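Reader: Please examine the nonpolar interior of this protein closely, together with the segments that border it. I should like one connected account, residue by residue where that helps.

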Amino acid sequence: MNDVTIAVLTAGVSDPSSSRLLADRAAQRSADALGASDLSATFRSIDLSTIAVDIAQALVSGMPNRKVTAAIDALAESDAIIASTPVYKAGISGLFKSFADLLDNDLLIAKPVILAATGGTSRHAMVVDEQLRPLFAFLRAIPMPTSLYAAPEDWGSPDLGDRISRAAGELAIFLRNGTGPQIAQQNWGRHRHQFGGNAAGAPRSVDDVDFSTDLMRLAAGGERKQET
């Protein structure tokens, strides 16, 4: 049986956290769906509430410490992500967004993501697709078609369980087919990459820089290569 690694990223600060509960339910259904495809899953929990101060310090200093770096590395090394955030003031958690601001734009290329959020009212259900989906699309991850949202009245509803099962099934199909790594490998050279970034493969030395591009020639005082 093959093994995949799924990072469970949560930003709830209460104890118990409804955001963590929703993510855990999605993780369990994902494990079941993967098992049906002869895949086993290892889950890595990334609880942002435990490193909230470290995230704030990293934003100010621009230098993530060991705890924040470990969380970023866990995302980078995962095959998929389950991301769950509470909704505050009609928006995703500031803690969640602050952590996302620390990620290299190349870190999550083509990684499948289940998007999830919890809130105090069903009126905020579209926050997942209006805010989380564009965020992960910007990071070039691949959000699953089915997103999850749970208000207090949803926890006892079979509809929530059905949505979780759909999202988990979509993730399992994506992982079984190995689509993400193929896309990332094929398109890596077609993206612009942040120098010294925290994504694997990011250029980190002068040897990693392609000086033959039009931009680098212009920067060095040369002329743009004319097409024939």
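**The nonpolar interior and its borders**

Author: Among contacts between residues at least 6 apart in sequence, 78% join residues that are at least 24 apart. The model is a predicted one, and its secondary structure comes to eight helices and seven strands. Of the 228 residues of the protein, 41% count as buried. The protein exposes about 12000 Å², and carbon and sulfur atoms supply 52% of that area.

In soluble globular proteins, nonpolar side chains tend to be buried together. Here the largest nonpolar core has 37 residues. The members that touch the most other members are Leu48, Leu75, Phe96, Phe99, Leu108 and Phe136. Two or more residues of this core come from each of strand E1 (2–10), strand E3 (80–88) and strand E5 (112–118). Helix H2 (52–61), helix H3 (66–76), helix H4 (94–100) and helix H5 (127–138) likewise give two or more residues each. Apart from this core lies another, of 23 residues, which includes Ile82, Ala150, Leu160 and Leu171.

Leu48 offers a good point of entry into the largest core. Leaving aside neighbours within four places in sequence, Leu48 is in contact with Leu9, Thr10 and Ala11. Under the same exclusion, the contacts of Leu48 also include Ile55, Leu95, Phe96 and Phe99. Two of these partners, Phe96 and Phe99, are themselves among the core members that touch the most others.

One partner of Leu48, Thr10, deserves separate attention. Thr10 is found in strand E1. Its relative accessible area is 2%, which is under the 20% limit, so Thr10 counts as buried. Apart from neighbours within four places in sequence, Thr10 is in contact with Ser19, Arg20 and Ala23. Its contacts also take in Ile46, Asp47, Leu48 and Ser84.

After strand E1 the chain enters a loop that leads to helix H1 (18–36), and Pro16 has its place in that loop. A cis peptide bond joins Asp15 and Pro16, with omega about 5°. Within helix H1, Arg20, already named as a contact of Thr10, forms a salt bridge with Asp24 at 2.9 Å, N to O. Asp24 and Arg20 are four residues apart in helix H1, and therefore about one helical turn separates them. Both residues are partly exposed: the relative accessible area is 33% for Asp24 and 27% for Arg20.

By the rule applied, the protein has five salt bridges, and two others can be described here. Asp101 is paired with Lys97, the closest N and O atoms being 2.6 Å apart. Asp101 is partly exposed at 46% relative accessible area, and Lys97 is partly exposed at 36%. Asp106 and Arg140 form a further salt bridge, with 2.5 Å between the closest N and O atoms. Because Asp106 lies in the loop between H4 and E5 while Arg140 lies in the loop between H5 and E6, this pair ties together parts that are 34 residues apart in sequence. Asp106 is buried, with 3% relative accessibility, whereas Arg140 is partly exposed at 22%.

The loop between H4 and E5 also holds Ala110. Phi of Ala110 is near 65°, a positive value in a residue other than glycine. Ala110 is buried, with a relative accessible area of 3%. Ala90 also has a positive phi, about 65°, although it is not a glycine. Ala90 is found in the loop between E3 and strand E4 (91–92), where it counts as partly exposed at 39% relative accessibility.

Ala110 leads in turn to Ile142, a residue of strand E6 (residues 142–143). Not counting residues up to four places away in sequence, Ile142 touches Ala110, Lys111, Pro112 and Val113. Phe174 and Ile183 are also touched by Ile142. Ile142 and Ala80 are 62 residues apart in sequence, yet their C-alpha atoms are 9.4 Å apart in space. The relative accessible area of Ile142 is 24%; as this value is not under 20%, Ile142 is therefore classed as partly exposed.

Conventions
Residues are numbered from 1 along each chain as its sequence is written. This is a predicted model: local features need pLDDT of at least 70, side-chain atom pairs count only at pLDDT 80 or more; totals for chains, interfaces and linings use all residues. Side-chain values use heavy atoms; hydrogens and water are left out. A nonpolar core is a set of buried Ala, Val, Leu, Ile, Met, Phe, Trp, Tyr and Cys residues joined through side-chain atoms within 4.5 Å. Buried means under 20% relative accessible area, exposed over 50%, partly exposed in between (1.4 Å probe, protein chains only). Contact means heavy atoms within 4.5 Å. Accessible areas come from the Shrake-Rupley method with a 1.4 Å probe; for residues, only the protein chains shown count as cover. A salt bridge is a side-chain nitrogen of Lys or Arg within 4 Å of a carboxyl oxygen of Asp or Glu.
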